[in-house]
Every structure is written in structure tokens, then in C-alpha cells.
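User: I should like to go through this model and understand the grounds on which its features are described. Please set each value against the cut-off that applies.

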Amino acid sequence: MRIHVDPATFDPWKVQALTHALADHPLLQIDALVELGKRQQARNLVRTHSSDATAGTSFADAPKLHPNERAAATTLADIANARAWMSLLNVQADPTYRAFIDEILDEVRPVVDRKDAGMCYRAGWIFVSSPNTVTPFHMDHEHNFIMQIRGTKRLYTWEPFDRETVSERAQELFHDSHSRDLVTWREDHRGRARVLELVPGLGGYMPSTSPHMVENGPEPSVTISFTYYTDSTRRRELLYRGNAALRRIGIEPTPVGASLGRDRVKHAVLSSFTSAKNLVRRATGRSVRENDQPYAPA
Ligand SMILES: [Fe+2]
């Protein structure tokens with residue numbers, strides 16, 4: 001296993017610091033990433049902004065608010081001076097990197113599966129950023145193994161059930177409409193954070209919807225995330241969507257996780273409802289939102 005996940009301490013819903021043996025991997029060196037950057041740009045799978053973004057910048061709007069006008073390959077080749085943050089998105093769209101993502105996730109899967117079955121929707125994300133660049137505060141749907149390859153960064157993380165940092169309503173909106181509008185930064189969040197000081201060879205595990213924010217050190221940084229969904233992330237998503245539906249008809253829903261019994265009943269009802277709805281959509285030629293595919297669609 002090149003990501004060192006300890007079966008004894010791994011908890012799918014807790015942030016954890018980890019070590020790894022990926023820092024020298026040829027696919028993660030800058031020359032390979034410049035080439036990947038060209039291919040990802042052609043696929044429209046590059047997200048970038050300048051170093052002017054701050055912790056409180058809207059994650060969704062950062063590329064528009066603080067544009068980096070240079071092409072991916074140019075930015076990556078001169079990342080020390082580019083004053084840019086760049087993410088090569090969904091690198092599983094690239095056959096070479098898909099094989100790499102599979103190798104690494106196949107290695108950790110037996111440990112993950114024991115506590116969190118149903119790994120699917122695999123994806124890879126490579127972050128390359130200039131010195132002293134910040135990744136704005138946000139959260140994502142996927143479980144995330146995040147590994148530092150080059151340079152240093154301070155990864156601020158918060159537990160996925162920390163409702164002081166991200167409210168139940170913000171979780172609900174995020175799951176229901178993928179909006180991060182209620183996931184907002186406050187300086188006093190720092191006091192509640194678990195901070196991982198990342199250097200090459202160190203990394204972490206962040207469960208689905210763990211809020212995070214990143215401050216790069218004084219050198220260029222390369223980081224890779226291996227992400228996926230499981231049965232439990234899909235179940236939690238469905239519960240939040242159900243709660244959002246209840247709220248729309250004027251019922252204040254019980255928070256997800258507050259009552260296991262209620263969650264179980266709600267999930268059973270929502271699953272049959274969703275299956276029936278999907279049957280009708282398929283029969284009438286409409287698209288169905290499928291989050292149980294082996295890879296995240298790029
Ligand atoms: Fe993220």
C-alpha cells in the first residue's frame with residue numbers, strides 16, 4: 001500500500017493524518033504534469049485562479065473573481081512565478097492517470113471496505129500552486145485521500161459533523177443543489193480546525209463534506225487527491241435531499257444522524273421513491289442522476 005492507511009485506526013467519518021510513498025512517482029513530477037495539463041486543457045478539465053484568492057473568497061467564483069489568464073502548460077511550467085492556483089480536474093478522464101488512480105485506490109480498498117463498503121465514483125485531482133497561495137474554504141461530496149508531493153502546505157480541516165463550522169442547513173443545501181452558498185468563512189473557524197502540516201510524504205484523509213482550507217508554504221506545491229463515494233456517502237446524500245424536500249413543504253426535518261431509527265425509515269422510503277422515479281425517467285427517455293458508477297463522469 002503506497003497510502004499507509006492503518007486498518008486499526010481508519011474511521012471513514014473522521015479526519016486522519018497519514019503518510020505515503022508517492023512523492024517520487026513519475027506521473028506526479030512537474031514535466032509529466034505539464035503534459036497532462038495540455039491534455040486536460042483540451043478536455044476543459046482545468047480550474048485555475050490567481051494567488052489573490054483568500055480563505056473567504058467564494059470557492060465557486062474564485063476563477064471568475066481572480067482569473068489566471070495563462071494556459072495550463074505555461075502556468076505549470078513556471079509555477080514558482082505564476083502567482084496561480086491550478087487544479088487538474090477529474091484526471092481519471094486521462095487513460096494513464098485513470099490506471100494510476102485505480103492502482104492506488106485498489107490498494108486501500110480492502111481497508112476502506114471493511115468499514116465503509118461500496119467504493120465507486122472514483123476520481124483524481126492534482127493541485128499545483130504557487131508559493132503562498134490559498135485554497136478558499138469549502139467542502140466536497142467525496143471522501144478524499146489527499147497526499148502532499150512537493151512543497152509544503154497547511155491543510156485546515158474540520159470534522160464533517162461540526163455544525164458550528166458548517167450548519168445542518170448548509171449541509172442540506174449542498175447535498176440538495178450542490179450550492180456552497182451557506183458554507184462561509186469566518187476567521188474564528190481557525191480555532192476549531194484540525195491543522196495538518198503537509199510536507200512530501202505526508203497527507204490526510206478527509207471524509208465527505210469535511211470543510212477545508214489550504215495555505216501554501218513559500219515554495220511551489222503539488223498535491224494529489226484520490227476521491228470516491230461509498231454506500232454511506234450516497235445514503236447520507238439521499239437523506240439530506242429528503243430533508244430538503246420536507247423543508248420545501250413546510251416541515252422542519254430531523255437533522256441527519258440525530259436519530260438512527262428515523263434515518264433508516266426515511267432512507268427506505270427515499271430509496272424506493274428514487275428507484276420508482278428513475279424507472280419513470282428512463283422509460284420516458286430522460287436522464288437519471290447516477291452516483292454509483294465506477295468513475296466520476298468528467
Ligand atoms: Fe476540496
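Analyst: The model is a predicted one. A suitable place to begin is Thr165, in the loop between strand S8 (153-157) and H5.

User: Why is Thr165 called buried?

Analyst: Buried means under 20% relative accessible area. Thr165 has 6% relative accessibility, and therefore counts as buried.

User: Which residues does Thr165 touch, not counting residues up to four places away in sequence?

Analyst: Thr165 touches Phe137, Trp158, His189, Arg192 and Pro211.

User: What makes the pairing of Thr165 and Asp162 a polar contact?

Analyst: The cut-off for a pair of N or O atoms is within 3.5 Å. The side chains of Thr165 and Asp162 are joined at 2.6 Å. A second polar contact, of 3.5 Å, joins the side chains of Thr165 and Arg192.

User: What makes certain residues donors of the iron ion?

Analyst: Donors are N, O and S atoms within 2.8 Å of the metal, the limit that applies to iron. The protein donors are His138 (NE2), Asp140 (OD) and His212 (NE2), lying 2.1 to 2.2 Å from the iron ion, so these atoms meet that limit. In sequence the donor residues are spaced H-x1-D-x71-H. His138 and Asp140 are both buried.

User: Why is Pro136 called buried, and where is its place?

Analyst: Pro136 is in strand S6 (residues 134-138). Its relative accessibility is 0%, so Pro136 counts as buried. Leaving aside neighbours within four places in sequence, Pro136 is in contact with nine-residue surroundings that include the iron donor His212.

User: Which other residues are in contact with Pro136?

Analyst: Among them are His49, Ala53, Thr54, Ala55, Thr57, Phe59, Ala62 and Met213. As for Gln41, Pro136 is 95 residues from it in sequence and 22 Å from it in space, C-alpha to C-alpha.

User: Is His143 described as buried or exposed, and on what value?

Analyst: His143, in strand S7 (residues 143-150), has 0% relative accessibility and therefore counts as buried. A polar contact of 3.1 Å joins its side chain to that of Tyr205.

User: Why are H5 and H6 called roughly perpendicular?

Analyst: Angles of 65 to 115 degrees count as roughly perpendicular. The axes of helix H5 (residues 168-177) and helix H6 (residues 231-248) cross at roughly 105° and come within 8 Å. H5 and H6 are therefore roughly perpendicular to each other. On the H5 side the contact is made by Glu168, Arg169, Gln171, Glu172, His175 and Asp176. On the H6 side it is made by Arg236, Glu237, Tyr240, Arg241, Asn243, Ala244, Arg247 and Arg248. By class, this contact has two nonpolar, three polar and nine charged residues.

User: How do you know that H6 and H7 deserve the description roughly perpendicular?

Analyst: H6 and helix H7 (residues 260-283) pack at about 85°, with their axes 9 Å apart. The range for roughly perpendicular is 65 to 115 degrees, and H6 and H7 are therefore roughly perpendicular to each other. Arg235, Leu238, Leu239, Gly242, Asn243 and Leu246 of H6 meet Asp263, Arg264, Lys266, His267, Leu270, Ser271 and Thr274 of H7. By class, the contact has four nonpolar, five polar and four charged residues.

User: Why is Lys266 counted as buried?

Analyst: Lys266, in helix H7, has 16% relative accessibility. The limit for buried is under 20%, so Lys266 counts as buried. Leaving aside neighbours within four places in sequence, Lys266 is in contact with Leu239, Asn243, Leu246 and Thr254. The C-alpha atoms of Lys266 and Asn243 are separated by 9.1 Å, although these residues are 23 residues apart along the chain.

User: What is said of the phi of Asn90, and why is Asn90 called buried?

Analyst: Asn90 is not a glycine, yet has a positive phi of about 45°. Asn90 lies in the loop between strand S4 (84-88) and helix H4 (95-115). Its relative accessible area is 9%, so Asn90 is buried.

User: Why is His178 called partly exposed?

Analyst: Buried means under 20% and exposed over 50%, with partly exposed in between. His178 has a relative accessible area of 46% and is therefore partly exposed. His178 is in the loop between H5 and strand S9 (194-198), and its phi is near 55°, a positive value in a residue other than glycine.

Note on methods. Residues are numbered from 1 along each chain as its sequence is written. This is a predicted model: local features need pLDDT of at least 70, side-chain atom pairs count only at pLDDT 80 or more; totals for chains, interfaces and linings use all residues. Side-chain values use heavy atoms; hydrogens and water are left out. Axes are lines fitted to C-alpha atoms, for helices over the stretch in contact, and angles run from 0 to 180 degrees between N-to-C directions. Helices (H or I, at least four residues) and strands (E, at least two) are DSSP runs, numbered from the N terminus. Angles under 35 degrees count as roughly parallel, over 145 as roughly antiparallel, 65 to 115 as roughly perpendicular and the rest as oblique. Contact means heavy atoms within 4.5 Å. Ala, Val, Leu, Ile, Met, Phe, Trp, Tyr, Cys and Pro count as nonpolar, Asp, Glu, Lys and Arg as charged, and the others, Gly among them, as polar. Buried means under 20% relative accessible area, exposed over 50%, partly exposed in between (1.4 Å probe, protein chains only). A polar contact is a pair of N or O atoms within 3.5 Å; within protein, one must be able to donate a hydrogen and the other to accept it, and residues adjacent in sequence count only if both atoms are side-chain atoms. Donors are N, O and S atoms within 2.8 Å of the metal (3.2 Å for Na, K and Ca); water is not among the atoms, so sites may look incomplete.
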